[in-house]
Amino acid sequence: YDGFKDFYLYHEIGHHFYFNHLSEKQKKEYLKEYLLAKEKGIKYFHREYWMTNVYEDFAENFSLMVIGNKNLKLSKRILLIKKYLREE
């Protein structure tokens, strides 16, 4: 089992999901939560890279959600992604 390889595979799938399956309304809702987290600072992100832009943040949170790391708190952004998958 190669956790890093899996993480990056799911990251890329997260990009695909964001660009090909989210509605404009969902993208705006996610962007709002991303900007709120960015305003609050680095402690609201698991890694600094996620603060790069909303697309990277979505892909990284998507990957964490799929892998299901139990050591990480579920952020509101991960909960939104779960909601979007149910709406799919």
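Here are a few notes to help you find your way around this predicted model.

1. Start with the overall layout. The protein has four helices and zero strands, and from the N terminus on its elements run α-α-α-α. Of its 88 residues, 39% are buried.

2. Next, how the chain meets itself. Among contacts with a separation of 6 or more, 58% join residues 24 or more positions apart. On the outside, the accessible surface comes to about 5900 Å², and carbon and sulfur atoms hold 56% of that.

3. Helix H2 is a good place to look more carefully. H2 covers residues 24-40, which makes 17 residues, and spans 25 Å from its first C-alpha to its last, close to the 24 Å expected at 1.5 Å a residue. Just after H2 comes Gly41, with a positive phi near 110°.

4. Now try turning H2 about its axis. Its buried residues are Gln26, Lys27, Tyr30, Glu33, Tyr34 and Ala37. Viewed down the axis of H2, these fall within an arc of 130°, so they line one face of the helix. An α-helix has 3.6 residues a turn, so residues three or four places apart point the same way. The face turned away from the buried side of H2 carries the exposed residues Glu24, Lys25, Lys28, Lys32 and Glu39.

5. Finally, do visit Ser63, which sits in helix H3 (residues 54-67). Ser63 counts as buried because its relative accessibility is 0%, where the cut-off for buried is under 20%. Leaving aside residues up to four places away in sequence, Ser63 touches Asp6, Phe7, Tyr10 and His11. With Phe7 there is also a polar contact: the Ser63 side chain reaches the backbone oxygen of Phe7 at 2.6 Å.

Notes:
Residues are numbered from 1 along each chain as its sequence is written. This is a predicted model: local features need pLDDT of at least 70, side-chain atom pairs count only at pLDDT 80 or more; totals for chains, interfaces and linings use all residues. Side-chain values use heavy atoms; hydrogens and water are left out. Helices (H or I, at least four residues) and strands (E, at least two) are DSSP runs, numbered from the N terminus. Buried means under 20% relative accessible area, exposed over 50%, partly exposed in between (1.4 Å probe, protein chains only). A polar contact is a pair of N or O atoms within 3.5 Å; within protein, one must be able to donate a hydrogen and the other to accept it, and residues adjacent in sequence count only if both atoms are side-chain atoms. Contact means heavy atoms within 4.5 Å. Accessible areas come from the Shrake-Rupley method with a 1.4 Å probe; for residues, only the protein chains shown count as cover. The expected span of a helix is 1.5 Å times one less than its number of residues. The arc is that of the directions from the helix axis to the C-beta atoms.
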